[in-house]
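The exercises below are meant to be worked through with the model open in a viewer. Each task is followed by a solution that proceeds step by step.

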Amino acid sequence: MTTPNEVTTHAASARDGKQSLMNATPAAAIRPLVDIFETADGITLRADMPGVSKEGLNLRVEGANLLIEGTINIVTEQRMSALYADVRSTQYRRSFVLGNELEAANIDANLQDGILTVRIPKRADLRPRKIEVRS
Amino acid sequence: MFGSMYSENPLLTQFRRLEEELDEVFGSNTPWGGGIRSLPPGTFPAINVGGTAENVTVYLFAPGIDAKKLDISIQRNLLTVSGEREVPRDNEATYYRQERFGGEFRRVISLPDDVDPDKVEASYRDGIVQITVGRRESAKPRQIAIR
């Protein structure tokens, strides 16, 4: 019943639907909101990346840069059209410059319910020492 | 600390104005863009709404919430979602950035008039709450066969 022509049309409309829901401005990636805090052992970064699963996450260190990228993976129905969209991209991207005192090789990352937690330890010899005051 | 510095950056202020102007041009032709219940950009959680002939789906970008404590209710075509996101702060730590939202939130979304409040399904995955509301049978487009 379905002619090849019709198949093409359906696929195109499904793609358009997804684009209009999420990709109104395809080039711009979303800058995920972060909390960054430092303790004696290192720096912890938490980023809100809703819609990103482990497979869609790309976390890497390039030289002195920590690069966070993720792809939003939500199931949209075929031929769904956007009625309203706060989120207009399917990509997250943000980068940070790491300091020399941080051990980029020992970064630990965890992704849970759309929150990425990255722990970057400080080099052991550069951790703050408590200086005793002699009375 | 840095947040207040950046908000006074004149370049960013210009960008924000541009964004507002774009919203005015493109946002006003959606039912919610200029709607009386619309909220300023950046409000937690961000929302996308998509529709098909059969149903309307609302996506709430709410990472790290306890989905079981989420309060979702619908009255006619008004969908209300409220809950709380706990963002524990480490008092021992030095904070450089605190951009993430923590606390209670509530959003009211006015859906198209033809939704059926008896047909609602909700799920939570990877920090996104997905709420699907069916449209009323009578409102669905019907194919009319030519005899």
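**Exercise 1. Find the bridge partner of A:Asn110 in E8(A), and then place this pair in its sheet.**

Solution. Begin with the pair itself: A:Asn110 is bridged to A:Thr117, which belongs to E8(A). This is a predicted model, in which local features need pLDDT of at least 70 and side-chain atom pairs count only at pLDDT 80 or more, whereas totals for chains, interfaces and linings use all residues. Residues are numbered from 1 along each chain as its sequence is written, chains are lettered from A and ligands numbered from 1 in the order in which they are written, and side-chain values use heavy atoms, with hydrogens and water left out.

Next, widen the view to the two strands: E7(A) and strand E8 (residues 115-121) of chain A run antiparallel and are joined by five bridges. Here helices (H or I, at least four residues) and strands (E, at least two) are DSSP runs numbered from the N terminus, and two strands pair if DSSP finds at least two bridges between them.

Then read off the sheet, which is open, has antiparallel pairing and places five strands in the order E7(A)-E8(A)-E2(A)-E1(A)-E5(B). Strand E7 (108-112) of chain A and strand E5 (94-98) of chain B stand at the edges with a single partner strand each, so one side of each lacks a neighbour in the sheet. On average, neighbouring strands of this sheet are turned by 10 degrees against each other, direction ignored, where axes are lines fitted to C-alpha atoms and angles run from 0 to 180 degrees between N-to-C directions.

**Exercise 2. Describe the open sheet of three strands in chain B, and state where B:Arg76 lies.**

Solution. The strand order is E3-E4-E6, with antiparallel pairing. Strand E3 (71-75) and strand E6 (103-110) of chain B are the edge strands, each having a single partner, so one side of each is left without a neighbour in the sheet.

Now take the pairings in turn: E3(B) and E4(B) are held by five bridges, with B:Ser73 bridged to B:Thr80 in E4(B), while strand E4 (residues 78-85) of chain B and E6(B) share eight bridges, and B:Gly83 has B:Phe105 in E6(B) as its bridge partner.

Finally, B:Arg76 lies in the loop between E3 and E4 of chain B, a hairpin with two residues between the strands, and has a positive phi of about 55 degrees although it is not a glycine.

**Exercise 3. Which residues line the largest cavity, and how do they divide by class?**

Solution. The lining consists of A:Tyr84, A:Asp86, B:Leu39, B:Pro40, B:Pro41, B:Gly42, B:Thr43 and B:Arg107, where a cavity is a set of points on a 1 Å grid over the protein atoms alone at which a 1.4 Å probe fits but cannot get out, and lining residues have an atom within 4 Å of a point. By class, there are four nonpolar, two polar and two charged residues, with Tyr, Leu and Pro counting as nonpolar, Asp and Arg as charged, and Gly among the polar ones.

**Exercise 4. How many residues does each chain bring to the contact, and how much area is buried?**

Solution. Counting heavy atoms within 4.5 Å as contact, chain B brings 42 residues and chain A 40 residues. Between them the chains bury about 3,200 Å², 53% of it on carbon and sulfur atoms, buried area being the accessible area (1.4 Å probe) lost on putting two parts together, summed over both. B:Glu99, B:Arg100 and B:Asp126 supply 20% of the area that chain B buries against chain A, more than any other three residues.

Conventions
1 Å grid on protein atoms, 1.4 Å probe; cavity = no way out; pocket = protein on both sides within 12 Å on 5 of 7 lines; lining within 4 Å.
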